[in-house]
Structures are given as C-alpha cells and as structure tokens.
Amino acid sequence: MMRSHFFLFAVCCALFVCSAGCSARESTRAVLNPRPDSQPLRIAVVPFQRILPDESARTVCCPLTGIIFRSCASERNSERLLEKAFFAKFKKYERNLMPPDKVEGVFRRVSADSFKPNPGEILRKVGHELEVDYLIAGHLFCLRERKGFSYSVEKPAMASFGIYLIRASDGSIVWKGIFDKAQKSLFEDILQLSSFVRERGRWVQAEELMLGGMEEVLQTFPELD
C-alpha cells in the first residue's frame, strides 16, 4: 500500500514538473524579425538527410553542429518519413515555404557541384540562390523499430534526429530541435510521464515515437512575425 501511494505521489509530482516546464518553454519562444519590406519571411526546407554511422558505431556526429547522437542502421528512405512528419506539423507556416521541388533541385545541383562539400557552405549557397531568409535542414540518425508487441517488448523503439533553422545570410544556426530517445516504461523513468500518457501506456512503433518527438521539438520553434 505504501509503495502504491508513493508511486501515485511521484506521478503527481511529475505531472506538476511537466506542466511547469511546458509553460516555461512556451513563454520563451523566440520571434523571428520580420522582413523590412513587410513581406512574409521566405524559408527553404532542404531535403532531410539520413546520417549513417561507421560500421559497428553506436553514436554519430551531426555534420552541422558536432552534437553526438545515438545511431543505428535505419531503413533506407527513413529520412523521408522524418521530412513528412515535419511538413505535417509545419502546416501553419505553409505561406512562408518555398516550393519543395524547386528547393530540392537547387540543393541537389549545388551539392553535386561542390568539391569535398561542407554542409554549412552548401546551405549558404542554396539560400543565396533561392533568395530566402532562412533554411531548415533535418538529419535522421536513428529510427529503430521495436522488437516485440504493444504490451511487451524485447527491445523498445528508438528515434534520434535534429532539425535546424539556419539564417541564410551568414549560415548561423538560430534554432535547433533535438530528439534522441528510446522509449522507456514509466517505472524506469518517471520523468517520461507526458510521453507515457501520450502513448497510452503502450510500447509504440518507431514512427509513432518519431512523430511524438517532432511534435515535442517544434513546440519551441520560433514564431514568424
């Protein structure tokens, strides 16, 4: 009985911490400065990239930031799932986005023309050619499917990715959304209560974990004035 009461108390505390944290996070969202001509900010979303680990490596370094992520041999084209999830959550900013086909064409050509391409330099060239204010780049480091079922797993799903907002004029990263998580049970990590509630206490599949992660990181994306 005492153990049960302690667990309920811990859940309530975690709910309070989560609520307080979310409120603080929402109140500190940055606002991007408007264009001087009063036109909407122009943003190009470059094709998301799947960053492969070295053989047998369990971590990988982000080519833009140097941040270390957990990695895995994700399925081919899994970066397209991440890109799709991003666009689905970014619908309210559609008026700011350059046509994806045009962006992809310029990005592929600039990348192909670059000798020993530097990711930051490629993005600056793409931004200059498209005459945009910002670029968004995404890197997928791991999308590992669970091994088991929704009620019991041998190995849980894992997802790790980074989304970056880059100022086109100087290539600086003005915002980043980082997600690197393997699902855990509530007993293993009480601070994952919000995820536990969102996932209804199930062991989710990898794509579900990734979608939840995308929603989580975009809560801090700057407002477009």
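Here are a few friendly notes on this predicted model, centred on strand β6, a pocket and the nonpolar core.

1. Strand β6 is a good place to start. It covers residues 134–144, and 10 of its 11 residues are buried. The points below keep coming back to β6, so it is worth having on screen while you read.

2. Which strand runs antiparallel to β6? That is strand β9, residues 158–167, joined to β6 by 10 bridges. To find the pairing in your viewer, look for R144, which stands opposite M158 in β9.

3. β6 also has parallel partners. Strand β2, residues 43–45, pairs with β6 in the parallel sense over 3 bridges, and here I43 stands opposite Y134 of β6. Strand β3, residues 49–50, runs parallel to β6 as well, with 2 bridges joining them. In that pairing, Q49 has H139 of β6 as its bridge partner.

4. Q49 and H139 turn up again at the second largest pocket. Its lining has 14 residues, and Q49, F107, P119, I122 and H139 are the ones that lie nearest the centre. The pocket holds about 230 Å³ of space.

5. What supplies the lining of the second largest pocket? Helices α3 (100–113) and α4 (119–130) and strand β6 each give at least two residues. The most comes from α4, with 3 residues. If you are thinking about the chemistry of this lining, note that 11 of its residues are nonpolar and 3 are polar, with no charged ones.

6. The largest nonpolar core has 31 residues. Those with the most contacts inside this core are L82, F86, I136, F161, I163, M214 and F221. At least two residues of the core come from each of β2, α2 (78–89), β6, β9, β10 (173–182) and α6. Helix α6 makes the largest contribution, with 6 residues.

7. Helix α6 deserves a look of its own. Its buried residues are A206, L209, M210, G212, G213, M214, V217 and L218. Among them is M214, also listed with the residues that have the most contacts inside the largest nonpolar core.

8. Does the length of α6 agree or disagree with what its residue count predicts? The helix runs over residues 206–218, which is 13 residues, and at 1.5 Å a residue it should span 18 Å. Its end C-alpha atoms lie 18 Å apart, so the model agrees with the expected span.

Notes: Residues are numbered from 1 along each chain as its sequence is written. This is a predicted model: local features need pLDDT of at least 70, side-chain atom pairs count only at pLDDT 80 or more; totals for chains, interfaces and linings use all residues. Side-chain values use heavy atoms; hydrogens and water are left out. Buried means under 20% relative accessible area, exposed over 50%, partly exposed in between (1.4 Å probe, protein chains only). Helices (H or I, at least four residues) and strands (E, at least two) are DSSP runs, numbered from the N terminus. Two strands pair if DSSP finds at least two bridges between them. On a 1 Å grid over the protein atoms alone, a cavity is a set of points where a 1.4 Å probe fits but cannot get out, and a pocket is an open set with protein on both sides within 12 Å along at least five of seven lines; lining residues have an atom within 4 Å of a point. Grid points are joined across faces, edges and corners, and a volume is the space filled by probe spheres set on the points. Ala, Val, Leu, Ile, Met, Phe, Trp, Tyr, Cys and Pro count as nonpolar, Asp, Glu, Lys and Arg as charged, and the others, Gly among them, as polar. The expected span of a helix is 1.5 Å times one less than its number of residues. A nonpolar core is a set of buried Ala, Val, Leu, Ile, Met, Phe, Trp, Tyr and Cys residues joined through side-chain atoms within 4.5 Å.
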